[in-house]
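I opened a notebook page for this structure. My plan was to look up the ligand and its surroundings, then the chain.

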Amino acid sequence: MKKTVETFKNAKQNGTKITMLTAYDYTMAKMVDECGVDSILVGDSLGMVCLGYENTLSVTMEDMIHHTKAVSRGTKNALIIADMPFMSYQTSPYDAVVNAGRLIKEGHANAVKLEGGKNIINQVKAIVDAQIPVIGHIGLTPQSVNVFGGFKVQGKELENAKKIIDDAKALQDAGVFAIVLECVPQKLAKHITQILSIPTIGIGAGANCDGQVLVYQDMLKINSDFVPKFVKSFCDAGTVMRDGISQYISEVKEKKFPSQEHTFAIDDEILNKLY
Ligand code: KIV
């Protein structure tokens, strides 16, 4: 059955954990969806894990629409959330609505995600007013990497912790249906989860959030670049894939592949007429 924002609401009420994973293309979206995940995030992390940038700042609306379209073609049941890329909403509520609308109309996402709290509250309200479901994202917000001076845990100091709580409340009041809490201390995430009526989705925020999200390349160990402390490798798909690729190279070089079973036949009668 198709998951909706109601699924998120009910999960919070029933105490059922919400699952979210990233996907950026048709094949992976299909796999993740068939496994029964509640929600697929087409994260702007695609800038790093798919496009090879050092952060998410270079990701464009065209990149997001292109990948969201592919994900939507592979997804039957999961709620599809598309990230709004850097500078697609910070500039004005008008830009925010236009670009959120493009992710829904052209990308076929079901909802959009924006990074920030009170600083983007007018943008959030405008998108919600346009009848587009919004998920917030606070704590470590990677689009602010140049302000943070790196990818660091947020909310360890009093003022910063208070700010994250205020941002969470403001986002809830503005009408978001859930909030991603990235890289904040577990007890702060627990407190925010308890005071909000909407679900929190944690990434590096401990076990008390209402749901969890991870980047699939990290949790399947496909990504050989830096892997953050909060990531658990649920399997070593990277080794399996590397072994398969190496074996393919060897078998082609050694003339073992393709064997008879992987080739097509033609009647000798037809063949004889060719020469
Ligand atoms: O872009 C992304 O993948 C994200 C998750 C890390 C939450 O925003």
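I sorted the shell around the ligand by residue class and got three nonpolar, four polar and four charged residues. My classes: Ala, Val, Leu, Ile, Met, Phe, Trp, Tyr, Cys and Pro are nonpolar, Asp, Glu, Lys and Arg are charged, and the others, Gly among them, are polar. I note that this is a predicted model, where local features need pLDDT of at least 70, side-chain atom pairs count only at pLDDT 80 or more, and totals for chains, interfaces and linings use all residues. Residues are numbered from 1 along each chain as its sequence is written, and side-chain values use heavy atoms, with hydrogens and water left out.

Next I listed the residues around the ligand (a heavy atom within 4 Å of it). They are Thr22, Leu41, Gly43, Asp44, Ser45, Asp83, Lys113, His137, Glu182, Ile203 and Val215.

Which side chains have a polar atom by a ligand oxygen? I looked for polar contacts (N or O pairs within 3.5 Å). Ser45 has a polar side-chain atom 2.5 Å from a ligand oxygen. For Lys113, an N or O atom of the side chain is 2.8 Å from a ligand oxygen. For Asp44 the distance to a ligand oxygen is 3.1 Å, again from a side-chain N or O atom. I then checked cover: the protein hides 95% of the 260 Å² of accessible area that the ligand has on its own. Those areas come from the Shrake-Rupley method with a 1.4 Å probe.

I turned to the chain. The domain assignment, automatic or from a database, gives domain 1 (5-236) and domain 2 (241-272). Their C-alpha centres lie 44 Å apart.

Last, I looked at the backbone. Most residues other than glycine have a negative phi, and most peptide bonds are trans. His108, not a glycine, has a positive phi of about 65°. I also found a cis peptide bond between Phe257 and Pro258, with omega about 0°.

Definitions and conventions. Polar contact = N/O pair within 3.5 Å; in protein donor to acceptor, adjacent residues only side chain to side chain.
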